[in-house]
Amino acid sequence: DRDRDTQRERERETDIISTVEFNHTGELLATGDKGGRVVIFQREPESKNAPHSQGEYDVYSTFQSHEPEFDYLKSLEIEEKINKIKWLPQQNAAHSLLSTNDKTIKLWKITERDKRPEGYNLKDEEGKLKDLSTVTSLQVPVLKPMDLMVEVSPRRIFANGHTYHINSISVNSDCETYMSADDLRINLWHLAITDRSFNIVDIKPANMEDLTEVITASEFHPHHCNLFVYSSSKGSLRLCDMRAAALCDKHSKLFEEPEDPSNRSFFSEIISSVSDVKFSHSGRYMLTRDYLTVKVWDLNMEARPIETYQVHDYLRSKLCSLYENDCIFDKFECAWNGSDSVIMTGAYNNFFRMFDRNTKRDVTLEASRESSKPRAVLKPRRVCVGGKRRRDDISVDSLDFTKKILHTAWHPAENIIAIAATNNLYIFQDKVNSEMH
């Protein structure tokens with residue numbers, strides 16, 4: 001029985017979702033998990049009989065993207081866990097995406113087949129070659145309809161580009177190149193060339209004992225193919241221009257908020273580490289997430305963020321125990337809505353937060369089985385600190401830190417969000433932020 005429990009535990013572990021990503025139209029949604037699998041969901045078209053059914057996402061394709069490997073030179077196990085998925089802009093009927101684990105990036109092509117050729121001259125129905133002496137007449141093969149098949153094929157494998165773990169990949173707006181970042185380096189790849197990449201950032205010191213910060217995330221600008229940003233564990237953002245120099249070690253702009261000396265503590269550096277950075281759709285702003293806050297930066301103002309939102313300020317008094325259980329190192333992501341007016345990020349207890357930049361209102365919602373029933377309306381949740389509690393409030397001491405929403409994604413045009421809560425994917429739509437609009 002114990003073996004069976006261990007097996008079940010292992011299966012549950014491999015099902016934990018590690019990344020969520022909508023494609024450019026929002027019709028497809030991909031998730032990657034710890035077991036190296038990619039599951040693609042497709043949005044159902046609206047039908048005349050059931051006008052409300054549009055927006056339902058159904059499984060479209062599932063495939064094994066990465067397998068566990070072993071690096072014999074370094075005696076290191078390389079996990080199969082998918083760290084990031086990025087869709088390429090669609091060029092033809094096929095869809096393409098990049099998926100990466102700690103070391104290897106793969107390009108996958110997803111195609112549909114709903115017809116098959118029949119009536120070959122030299123082959124029979126089973127596909128075996130006919131006896132040529134029996135072939136007396138020519139026939140034209142015809143395409144007959146068949147059940148839809150979704151085929152996923154690996155097109156390219158980009159390996160050996162990174163010594164350290166890959167934490168982000170980003171496709172350039174030129175649709176020809178992409179970059180991948182690890183703790184100390186960022187590489188630029190051409191989508192057609194697998195055996196070499198170009199190193200564009202290298203922060204590795206000559207002596208590793210002098211190492212003071214690592215790269216935590218990076219992203220290309222949505223419109224200018226020469227600009228990209230990377231964030232660091234010291235809480236700073238560096239905007240780089242590839243036109244300035246081949247090696248972008250000297251940034252064009254440094255975005256950094258001066259620390260308030262009165263708030264300084266043992267945890268200051270850990271909680272200021274930026275876990276995610278995202279350009280707004282307009283390209284004018286950047287959104288960053290650190291342990292306690294999300295911040296909006298204007299590309300034209302380096303001195304400080306233009307907006308700062310507290311995600312879960314009630315955890316300030318809990319940093320000691322969060323350090324002891326390693327939660328303080330959790331890497332939360334953040335997302336913009338399609339019009340850049342609302343931002344979203346995750347928290348503990350399966351809560352996620354939304355902040356309306358115009359009205360400055362915010363709301364805490366919960367991803368749970370109860371709230372995911374069809375047409376269920378999400379109830380705002382509140383966490384209270386101290387003695388006085390209103391009904392439905394949750395005490396900060398009863399929060400479940402094993403339930404955390406690290407990965408979220410927002411449909412590029414509509415109010416549809418995808419929330420990964422350990423091994424469950426929740427998709428909420430339309431009325432999700434009626435609280436705020």
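Okay, so before anything else, a salt bridge here is a side-chain nitrogen of Lys or Arg within 4 Å of a carboxyl oxygen of Asp or Glu. With that in hand, a search of the whole structure turns up 27 salt bridges. Keep in mind that what you're looking at is a predicted model.

How confident is the predictor? The pLDDT averages 89 along the chain, and 93% of the residues score at least 70. There is a weak stretch, though: over residues 432–437 the pLDDT falls below 50. Those residues still have 21 contacts in the model beyond near neighbours in sequence. Where pLDDT is low, the predicted coordinates should not be read in detail, so I'll leave that part alone.

Back to the salt bridges. Side chains of opposite charge can pair when their charged atoms come close. Let me walk you through a few.

Start with E257 and K295, whose closest N and O atoms are 3.0 Å apart. This pair ties together distant parts of the chain, 38 residues apart. E257 is in the loop between β18 (253–255) and α2 (268–272), while K295 is in strand β21, residues 293–298. Are the two partners buried or exposed? K295 has a relative accessibility of 14%, so it counts as buried. E257 comes in at 35%, so that one counts as partly exposed.

Next up, R353 and D362. Here the closest N and O atoms sit 2.7 Å apart. R353 is buried, because its relative accessible area is 9% and the cut-off for buried is under 20%. D362, on the other hand, is partly exposed, with 41% relative accessibility.

Then there's K278, which meets D276 in a salt bridge, 3.0 Å from N to O. D276 is buried, and its relative accessible area is just 5%.

And salt bridges can also link up into a network: D15, D33 and R37 are joined that way. If you have the structure open, go ahead and pick out those three.

Last stop, something without charges. Which residues form a nonpolar patch on the surface? That would be L122, L129 and L132, and together they have about 340 Å² of accessible area. Take L129 from that group: you'll find it in the loop between β9 (105–118) and β10 (142–158). L129 has a relative accessible area of 69%, so it counts as exposed, given that exposed means over 50%.

Okay, that's my tour. Thanks, everyone!

Definitions and conventions
Residues are numbered from 1 along each chain as its sequence is written. This is a predicted model: local features need pLDDT of at least 70, side-chain atom pairs count only at pLDDT 80 or more; totals for chains, interfaces and linings use all residues. Side-chain values use heavy atoms; hydrogens and water are left out. Helices (H or I, at least four residues) and strands (E, at least two) are DSSP runs, numbered from the N terminus. Buried means under 20% relative accessible area, exposed over 50%, partly exposed in between (1.4 Å probe, protein chains only). pLDDT is the predictor's confidence in each residue, from 0 to 100. Contact means heavy atoms within 4.5 Å. Patches are made of residues with over 30% relative accessible area and no salt bridge: like charges are joined within 9 Å, nonpolar side chains (Val, Leu, Ile, Met, Phe, Trp, Tyr) within 5 Å. Accessible areas come from the Shrake-Rupley method with a 1.4 Å probe; for residues, only the protein chains shown count as cover.
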